[in-house]
Amino acid sequence: MREPHRSCQTVVSGGAAASPTLRRRRRMDWLMVLVLMFMYCGIYLIHPFKRFVGSDMITRLKYPLITVTVPFWTVPLYAVVLPIAIFLLVYMRKRDAYDLHDAILGILFSVLVTGVLTETTKNAVGWPRPDFFWRCFPDGNEVYDRLGNVVCHGKKSFVLDGYKSFPSGHASWSFAGLGFLSLYLSGKLKVFEYGGHVAKLLLVLFPLLIAYVVGILMVNDYMHHPQDVFFGSLMGLLVATLVYLQFFPSPYHQEDVFIPTSAQSRSNNIQTSDIPANASGRPMDIEAPGPLENRGQ
């Protein structure tokens with residue numbers, strides 16, 4: 001069962017004193033982060049499925065092989081490191097160590113779960129990139145086997161990466177990290193409260209705009225097809241939303257809902273039973289005027 005929100009726990013000023021059960025679960029969460037890291041590295045090293053690419057299909061995969069505008073090594077910088085830096089700024093203002101801990105843990109979960117799903121799908125589908133022709137035939141000389149499938153003579157690692165077009169890792173990682181950041185900021189700024197300012201909404205949408213532009217650049221660089229970017233973006237944003245809701249209340253949530261324990265419920269029932277009841281068995285309002293007092297009015 002999901003732990004209640006931290007406001008229902010014993011929290012000290014400037015930090016969080018979570019219950020022992022919650023601390024044990026958080027240790028398990030960090031262990032799962034390590035497991036996801038090893039899973040991602042292992043899946044990344046697996047060779048993708050080599051989908052059949054015939055001569056009729058290769059004609060649609062002859063886009064030029066150009067340098068990528070956004071190298072993949074920069075993705076963790078703006079999708080993970082930048083959000084963590086913003087979490088630290090919030091911590092310096094709020095001094096809530098519990099919030100900082102959950103924010104860092106949440107964004108790591110978001111990008112790692114997305115990364116595992118992305119690499120698994122890439123290897124399972126084996127869809128060729130738009131520039132696959134020049135990866136497979138760097139000299140431009142086409143070679144096919146007796147079944148009509150390509151026989152690539154390009155660099156092996158470069159050819160294998162050419163089978164990893166669907167879905168876009170740039171798009172999925174960007175929306176997983178920056179999408180989590182947008183949800184985090186929307187909750188802290190209370191963007192969706194009644195009478196909110198448009199400036200707050202624009203600030204929250206800015207990380208999503210960065211992820212959106214990255215997806216477009218990957219199509220312009222002929223690294224991905226439009227459907228690769230669309231599916232990767234959708235997957236990253238969906239995972240970010242699910243993970244965020246595991247650690248924080250919904251951005252539409254205005255105040256914490258107090259759920260009484262069984263002991264508190266019994267105490268409330270005892271207090272209610274002390275209120276005098278009328279003939280119908282319903283509690284009477286002892287401050288309300290009686291029937292005789294109403295007659296003179």
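**Exercise 1.** At which residues does UniProt place the feature "transmembrane region"?

Solution. The model is predicted. The unreviewed UniProt entry places this feature at residues 30-50, 70-91, 103-121, 170-186, 198-217 and 229-248. Two of these spans can be checked against the coordinates. Residues 103-121 are 100% helix and 0% strand, and their end C-alpha atoms lie 27 Å apart. For residues 229-248 the helix content is 95%, strand is 0%, and the end C-alpha atoms are separated by 28 Å.

**Exercise 2.** Describe how helices α7 and α9 pack.

Solution. Step 1: take the axes of α7 (residues 169-189) and α9 (residues 226-247); they come within 7 Å and cross at roughly 40 degrees. Step 2: classify the angle. Angles under 35 degrees count as roughly parallel and 65 to 115 as roughly perpendicular, so α7 is oblique to α9. Step 3: assign the hand, which is right-handed. Step 4: list the contact. Among its residues are Phe175, Gly179 and Leu183 of α7, and Gly232, Gly236 and Ala240 of α9. Step 5: sort the contact residues by type, giving twelve nonpolar, seven polar and no charged.

**Exercise 3.** Examine the backbone in the loops at Arg95, Pro167 and Lys190.

Solution. Arg95, in the loop between α3 (75-94) and α4 (97-125), has a positive phi of about 55 degrees although it is not a glycine. Its relative accessible area is 44%, so Arg95 is partly exposed. Lys190 sits in the loop between α7 and α8 (198-220), with phi near 55 degrees. At 46% relative accessible area, Lys190 is partly exposed. Pro167 lies in the loop between α6 (156-161) and α7; the peptide bond from Phe166 to Pro167 is cis, with omega near -5 degrees.

Methods
Residues are numbered from 1 along each chain as its sequence is written. This is a predicted model: local features need pLDDT of at least 70, side-chain atom pairs count only at pLDDT 80 or more; totals for chains, interfaces and linings use all residues. Side-chain values use heavy atoms; hydrogens and water are left out. UniProt positions are given in the numbering used here, feature names are shortened, and annotations may be inferred rather than shown by experiment. Helices (H or I, at least four residues) and strands (E, at least two) are DSSP runs, numbered from the N terminus. Axes are lines fitted to C-alpha atoms, for helices over the stretch in contact, and angles run from 0 to 180 degrees between N-to-C directions. Angles under 35 degrees count as roughly parallel, over 145 as roughly antiparallel, 65 to 115 as roughly perpendicular and the rest as oblique. A crossing is left-handed if the near helix is turned anticlockwise from the far one by less than a right angle, and right-handed if clockwise. Contact means heavy atoms within 4.5 Å. Ala, Val, Leu, Ile, Met, Phe, Trp, Tyr, Cys and Pro count as nonpolar, Asp, Glu, Lys and Arg as charged, and the others, Gly among them, as polar. Buried means under 20% relative accessible area, exposed over 50%, partly exposed in between (1.4 Å probe, protein chains only).
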